[in-house]
Amino acid sequence: MAQKDIILRQTITGVAAESTPGTHAGSLTRIALVSGSSIVTNAGRESVDVPSESPIRFGVQSHVLGRTMVEWQATIPLRGLVSGDRLSGSGATTLRSHEILYKHAFGRRYVAQGNAVAGNASTTTAVDLSSATGRKVGEVVMIGQYVRTITAISTNTITVTPALPSGPADAVVVRGARGFYLANQRSATLTLEQKIVDVAGSAEEERRVLGAFGAMTWTFPQNSAIPTMALKGQAISHAGPAALTSPSWSLGVSPADDDMGDPLPCYLSCEIDGTATVIEPASVKIGIAQNTTPIGGSTSSGISGFLDTSGRENGGAVTLEFNVRQDGSYPTAFDAKTVYHVAMLVDPSYGSGTPSTLAAFVFPRFQLTARPIPVDVGGGRGGYTLKGVALPDTLTPASLTTAEDRDMAWAPMRFAIL
């Protein structure tokens with residue numbers, strides 16, 4: 001056997017959403033993973049014992065090959081949008097590379113063009129638009145510099161929460177978001193392919209996973225580093241490391257970037273009920289319950305698809321924990337089972353009032369599961385740990401019979417890139 005050293009940072013990766021679980025999606029979109037990590041973390045074939053009778057005590061039968069087993073992962077940095085994709089009355093609404101993974105992770109994606117304030121009758125909660133076409137209840141938008149959620153729509157007027165500091169003036173931009181919403185049902189799968197190039201840039205290995213279904217994990221590092229989202233899970237089938245066929249590898253070997261904007265450094269601010277309180281978390285943990293439940297099938301893996309069964313039977317789907325600097329009002333602020341609207345912003349402009357591109361994690365109904373716990377937030381400074389659960393939102397969807405409307409109106413967590 002001839003061994004060779006592989007530098008995993010020299011990788012080319014593509015992804016696409018599948019129409020049928022385990023069936024190649026066709027053309028793939030180039031995507032840049034963190035450190036070019038390998039998509040296949042474990043692939044093998046089960047060895048099955050044959051329970052045959054033997055006349056002698058050491059007459060063990062030869063094992064046979066059983067089902068295939070595949071585990072995969074993909075980690076991407078949090079990145080913003082290039083100027084041409086920001087939805088400020090123009091900009092592309094087509095699917096961008098990272099959005100394929102975000103849509104898979106959350107289950108629901110909604111994108112609509114932005115517009116502007118018009119009519120000069122806007123208040124802090126009711127905003128008149130030049131047009132409400134494309135707006136949805138539960139949709140995340142940015143009015144001027146403020147990220148808000150739409151709670152109702154009447155003709156060209158949207159109601160938003162939390163309240164704005166003041167009624168916006170005419171012509172203020174209302175930017176649409178590339179929004180992702182936790183869906184009640186999540187079963188779509190992915191095709192992923194990767195070429196690993198060696199140090200000399202010549203010898204290559206190609207791998208493919210079909211029917212990939214994963215759960216997401218968010219990591220928020222120290223200040224000014226880059227947050228990441230990791231997807232890990234099972235897949236229906238695997239090919240490689242030989243040259244891919246049916247179809248063959250199609251993404252070339254030249255260095256190339258994906259179509260996202262610059263990475264967003266971890267400058268976090270956390271708004272509680274809009275302008276009521278603004279805090280800068282020392283650390284953040286978001287727990288999102290996702291259960292990769294296989295559906296039996298006749299393929300070599302024994303899996304024909306997947307279903308996310310987490311969060312049911314009264315299980316908490318989303319938990320949130322963050323450490324904040326000392327504030328004597330916190331213990332009483334969260335008494336009486338108070339429910340708050342929490343928005344966590346990753347904004348490289350860091351409150352300058354002129355954000356170019358940013359990301360928002362919105363928890364419309366956050367409730368503490370324990371009173372604030374005193375902790376050391378670092379450097380000998382005192383603070384509190386706030387631990388709670390994200391309750392489902394209670395907005396009225398435009399249609400109770402449309403899954404998209406229900407998911408957007410009732411989502412306990414919304415993620416948006418603006």
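I will go through the overall build of this protein chain and then turn to one of its sheets.

Please keep in mind throughout that what we have in front of us is a predicted model. The secondary structure of the protein chain comprises three helices and 27 strands, and the C-alpha trace, followed along its principal axes, spans about 85 × 50 × 45 Å. For 418 residues, a compact globule would be expected to have a radius of gyration near 22 Å, and the 24 Å of the protein chain agrees with that.

Turning to the interior and the surface, 48% of the 418 residues count as buried, while the area that the protein chain exposes comes to about 18800 Å², with carbon and sulfur atoms supplying 50% of it. If we take the contacts with a separation of 6 or more, residues 24 or more positions apart account for 71% of them. As for charge, there are 32 positive and 34 negative charges, and their mean positions lie 1 Å apart.

Now to the sheet, where I would like to start from the strand order. Six strands, in the order 6-11-8-9-10-7, make up an open sheet whose pairing is antiparallel. Which strands are the edge strands here? They are strand 6, covering 115-116, and strand 7, covering 126-128, each of which pairs on one side only.

At the strand 7 edge, the partner is strand 10, residues 157-161, and the two pair in the antiparallel sense over three bridges. If you want to find this pairing in the structure, look for Val 127, whose bridge partner in strand 10 is Ile 158.

Note on methods
Residues numbered from 1 in each chain as written. Predicted model: local features only at pLDDT ≥ 70, side-chain atom pairs only at ≥ 80, totals over all residues. Heavy atoms only, no water. Helix = DSSP H or I, 4+ residues; strand = E, 2+ residues; numbered from the N terminus. Rg over C-alpha atoms; globule rule 2.2 N^0.38 Å. Buried < 20%, exposed > 50% of the residue type's maximum accessible area, 1.4 Å probe, protein only. Contact = heavy atoms within 4.5 Å. Areas by Shrake-Rupley, 256 points an atom, 1.4 Å probe, with all protein chains shown as cover. Lys, Arg positive; Asp, Glu negative; His and termini not counted. Charge placed at Lys NZ, Arg CZ, Asp CG, Glu CD. Pairing = 2+ DSSP bridges.
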